[in-house]
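User: I would like to learn how to read a structure of this kind feature by feature. Could we take one model and work through it together?

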Amino acid sequence: RIWKAKFPYKIKIFIWLIEQGAILTKDNVLRRKWVGDPSSSFCDDMESTNHLFFTCHTAKVAWSIVCSYIGADNIPNSLDQLWNWCRAWIPTSAQVHAYVLVAICWATWKARNNLCFNAKLIHHPFEIVCHACAFLTF
């Protein structure tokens with residue numbers, strides 16, 4: 001799904017890293033014994049890939065906005081569950097499912113990095129959805 005999609009190469013690698021559980025979230029930074037203070041996140045819970053993109057309060061609100069828009073009555077709680085969720089609620093091709101995943105995760109990652117490295121806090125999780133829509137339009 002990811003490698004055949006028409007995404008920029010850096011985003012293909014980003015999604016591959018998410019699927020491998022290798023993206024540099026707090027838990028991966030600590031596991032690798034990175035020197036220095038691990039990056040901050042949207043909340044105080046230990047940041048893992050699953051937490052950042054699905055179970056964090058900010059991510060849950062962003063996904064619930066998407067769900068509200070498409071008429072879904074539940075939100076995905078993990079990457080594995082996302083593919084089943086997409087098949088159930090977005091009755092199109094697997095490539096479209098990949099676009100949804102990429103758009104929300106990329107916008108979440110960019111918002112998280114803006115917080116960590118530029119101290120720019122988002123005002124509402126709807127900003128993540130807006131950035132995801134802008135990415136899809138692009």
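**Reading a helical model**

Analyst: Let us begin with a single residue, threonine 108, whose place is in helix H6, residues 94-118. The model is a predicted one, and in it threonine 108 counts as buried, because its relative accessibility is 2%, below the 20% cut-off for that class. The C-alpha atom of threonine 108 is separated by 8.9 Å from that of proline 125, a residue 17 positions away along the chain.

User: Which elements make up the protein chain, and in what order do they run from the N terminus on?

Analyst: The protein chain has seven helices and zero strands, so that line of elements reads α-α-α-α-α-α-α from the N terminus on. Of the 138 residues in the protein chain, buried ones make up 44%. Among contacts with a separation of 6 or more, 51% join residues 24 or more positions apart.

User: How should I read one helix, say H4, and which of its residues are buried?

Analyst: The general idea is that an α-helix has 3.6 residues a turn, so residues three or four places apart point the same way. In this structure H4 covers residues 57-70, 14 residues in all, and its first and last C-alpha atoms lie 20 Å apart, close to the 20 Å expected at 1.5 Å a residue. The buried residues in H4 are Thr58, Ala59, Ala62, Trp63, Val66 and Cys67. After H4 comes glycine 71, which has a positive phi, near 85 degrees.

User: How is the packing of two helices described, and at what angle do the axes of H4 and H7 cross?

Analyst: Two packed helices are described by the angle between their axes and the distance between the axes. For H4 and helix H7, residues 126-137, the axes come within 8 Å and cross at roughly 55 degrees. That angle makes H4 oblique to H7, and the crossing of the two is right-handed. On the H4 side the contact is made by Thr58, Ala62, Ile65 and Val66, and on the H7 side by Phe126, Ile128 and Val129. Sorted by class, the contact of H4 with H7 has six nonpolar residues, one polar residue and no charged ones.

User: Why do H4 and H5 count as roughly parallel to each other?

Analyst: The axes of H4 and helix H5, residues 79-89, come within 12 Å and cross at roughly 20 degrees; angles under 35 degrees count as roughly parallel, and H4 and H5 are therefore described that way. Their crossing is left-handed. The contact joins Trp63, Val66, Cys67 and Ile70 of H4 to Leu82, Trp85 and Trp89 of H5, and by class it has seven nonpolar residues, with no polar and no charged ones.

User: To finish with individual residues, are alanine 107 and alanine 119 buried or exposed?

Analyst: Alanine 107, which lies in helix H6, counts as buried because its relative accessibility is 6%. Leaving aside residues up to four places away in sequence, alanine 107 touches Ile128, His131 and Ala132. From alanine 107 to alanine 134 the C-alpha distance is 9.4 Å, with their positions 27 residues apart in sequence. Alanine 119, by contrast, is placed in the loop between H6 and H7 and counts as exposed, because its relative accessibility is 66%. The phi of alanine 119 is near 55 degrees, a positive value in a residue other than glycine.

Terms used:
Residues are numbered from 1 along each chain as its sequence is written. This is a predicted model: local features need pLDDT of at least 70, side-chain atom pairs count only at pLDDT 80 or more; totals for chains, interfaces and linings use all residues. Side-chain values use heavy atoms; hydrogens and water are left out. Helices (H or I, at least four residues) and strands (E, at least two) are DSSP runs, numbered from the N terminus. The expected span of a helix is 1.5 Å times one less than its number of residues. Buried means under 20% relative accessible area, exposed over 50%, partly exposed in between (1.4 Å probe, protein chains only). Axes are lines fitted to C-alpha atoms, for helices over the stretch in contact, and angles run from 0 to 180 degrees between N-to-C directions. Angles under 35 degrees count as roughly parallel, over 145 as roughly antiparallel, 65 to 115 as roughly perpendicular and the rest as oblique. A crossing is left-handed if the near helix is turned anticlockwise from the far one by less than a right angle, and right-handed if clockwise. Contact means heavy atoms within 4.5 Å. Ala, Val, Leu, Ile, Met, Phe, Trp, Tyr, Cys and Pro count as nonpolar, Asp, Glu, Lys and Arg as charged, and the others, Gly among them, as polar.
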